Amino acid sequence: MAAAPTARGAVTAVRRGALTAVPFAVATAAYVGVFVAHQDRLPGRFATHFSGDGTADGFMSRTAALWSATGLLLGLGLLFTALTVAARDKSGVRLTAAVGVGTAVTLGYLSVLTVLANSDAPDAAAVELPLHQVAVPLLLGVATGASAWWLIGAGPRPAPPPPAPSLRLAEGEAAAWSRTVVSRPMLLVTAAVALGGLCAVAFASWGTGLPLLAAGLLCVAFAGVRVTVDRRGLTVASTVLPRPRLTVPLDAVAGADSVQVDAMGDFGGWGYRIRSDRRGFVLRSGEALAVRTKAGRAYVVTVDDATTAAALLNGLVDRQAGERG
């Protein structure tokens, strides 16, 4: 009886991995097939990058063009497949699969389009790829990504946990709670962004690659946080960089609860999120610590054992109120 859920979970992981892997496999096969079929009609110097007016401004050898695009498609395929399988929450699976499928279609289409543009060209410098042709794969990528999002579905939302109690603390008693939260999907996203930046530096320009590398560094800052509740209140700090850092003093806390959040549905994504009614660090969907301030603001931090953290924070607030009363 206990093995059935595990098997069913394994099948689900295989299916959602296949949903991301198959488009990349098809895109890679299509690119290699078209390249080989047109190999005798391609110039020795291959146009790989195009300016805003559609003229070629980046080149490499024909062999390098074949292997670089093939390697990029396969590498991204493995990365997005791993991301989809490793995602712990439903919204993470949906977003990763949607972005992966859309990337496979867009990149595969553009790669094939580049081969066709180079075919029968007397010289790579004469190759052109108008921008209106690039719009087609972008639209197809968005459409197929949205289809993958729809196919996976939102899934049932878990029942909300009971309200967090207040942990009674004696006068002078010291108590603290701390947990580290690491988002493996965020780490994989960081690797994907950094890989894209390195590829852009290698095959395009530093101006294109540096923003991606900077974005990868920013992703690292949000990939892991340490959440601490003690006599000072709530502290959330990056495990890698000094910033970002969130501090809610105990004097400002009105109360705390353990809640269930959907990263995509409730906050529109991951990282440090700001909404009109609340803000905080959202590294995944699931259990989270929600802290209300006396000023009416709410902070949410996704972390395991949030019920204990909320109970301790409530106990510290109650003890402080009792001492002042």
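A charge is taken to sit over a ring if NZ of Lys or CZ of Arg is within 6 Å of the ring centre and within 35 degrees of the ring normal. In this predicted model, Arg45 satisfies that description with respect to Phe59, lying over the face of the ring at 4.1 Å from its centre.

The chain as a whole may be described before its details. Its 325 residues, of which 43% count as buried, form eight helices and eleven strands. Among contacts with a separation of 6 or more, 65% are between residues 24 or more positions apart. The accessible surface of the chain comes to about 16,400 Å², and carbon and sulfur atoms contribute 63% of that area.

Aromatic residues offer a way into the helical part of the model. The count of aromatic pairs comes to four. One of these pairs is formed by Phe24 and Phe80: because their ring planes stand at 15 degrees, with the centres 6.0 Å apart, the pair is stacked. Phe24 belongs to helix H1 (residues 3-37) and Phe80 to helix H2 (residues 62-86), so that the pair links distant parts of the chain, 56 residues apart. Both Phe24 and Phe80 are buried. Ring pairs also join Tyr31, Phe35 and Phe46 into a cluster.

Attention now turns to a sheet. Strands of a sheet pair through backbone hydrogen bonds, in either a parallel or an antiparallel sense. The sheet considered here is open and has four strands in the order S3-S4-S5-S6, with antiparallel pairing. Its edges are strand S3 (177-182) and strand S6 (245-249), each of which pairs on one side only. On average, neighbouring strands of this sheet are turned by 10 degrees against each other, direction ignored.

Within this sheet, strand S5 can be followed through its partners on either side. Strand S4 (residues 224-230) and strand S5 (residues 233-238) pair in the antiparallel sense over six bridges, and Asp230 stands opposite Gly233 in S5. Strands S5 and S6, which also run antiparallel, are joined by five bridges; here the bridge partner of Gly233 is Pro249 in S6.

Thr235 is another residue of strand S5. Buried means under 20% relative accessible area, and Thr235 therefore counts as buried at 12% relative accessibility. Leaving aside residues up to four places away in sequence, Thr235 touches Arg226, Val227, Thr228, Arg245, Leu246 and Thr247. Along strand S6, the side chains alternate between two faces. Leu246 and Val248 point to one face and are buried, whereas Arg245, Thr247 and Pro249 point to the other and are not buried.

Two loop residues complete this account of the backbone. Asp120 has a phi value near 65 degrees, which is positive in a residue other than glycine, and it lies in the loop between helix H3 (90-118) and helix H4 (131-152). Asp305 likewise has a positive phi, near 60 degrees, in a residue other than glycine. The loop that holds Asp305 runs between strand S11 (298-302) and helix H8 (306-324). With a relative accessible area of 26%, Asp305 is partly exposed.

Technical notes
Residues are numbered from 1 along each chain as its sequence is written. This is a predicted model: local features need pLDDT of at least 70, side-chain atom pairs count only at pLDDT 80 or more; totals for chains, interfaces and linings use all residues. Side-chain values use heavy atoms; hydrogens and water are left out. Buried means under 20% relative accessible area, exposed over 50%, partly exposed in between (1.4 Å probe, protein chains only). Contact means heavy atoms within 4.5 Å. Accessible areas come from the Shrake-Rupley method with a 1.4 Å probe; for residues, only the protein chains shown count as cover. Two strands pair if DSSP finds at least two bridges between them. Axes are lines fitted to C-alpha atoms, for helices over the stretch in contact, and angles run from 0 to 180 degrees between N-to-C directions. Rings of Phe, Tyr and Trp (its six-membered ring) pair if their centres lie within 6.5 Å; planes under 30 degrees apart count as stacked, over 60 as edge-to-face and the rest as tilted.
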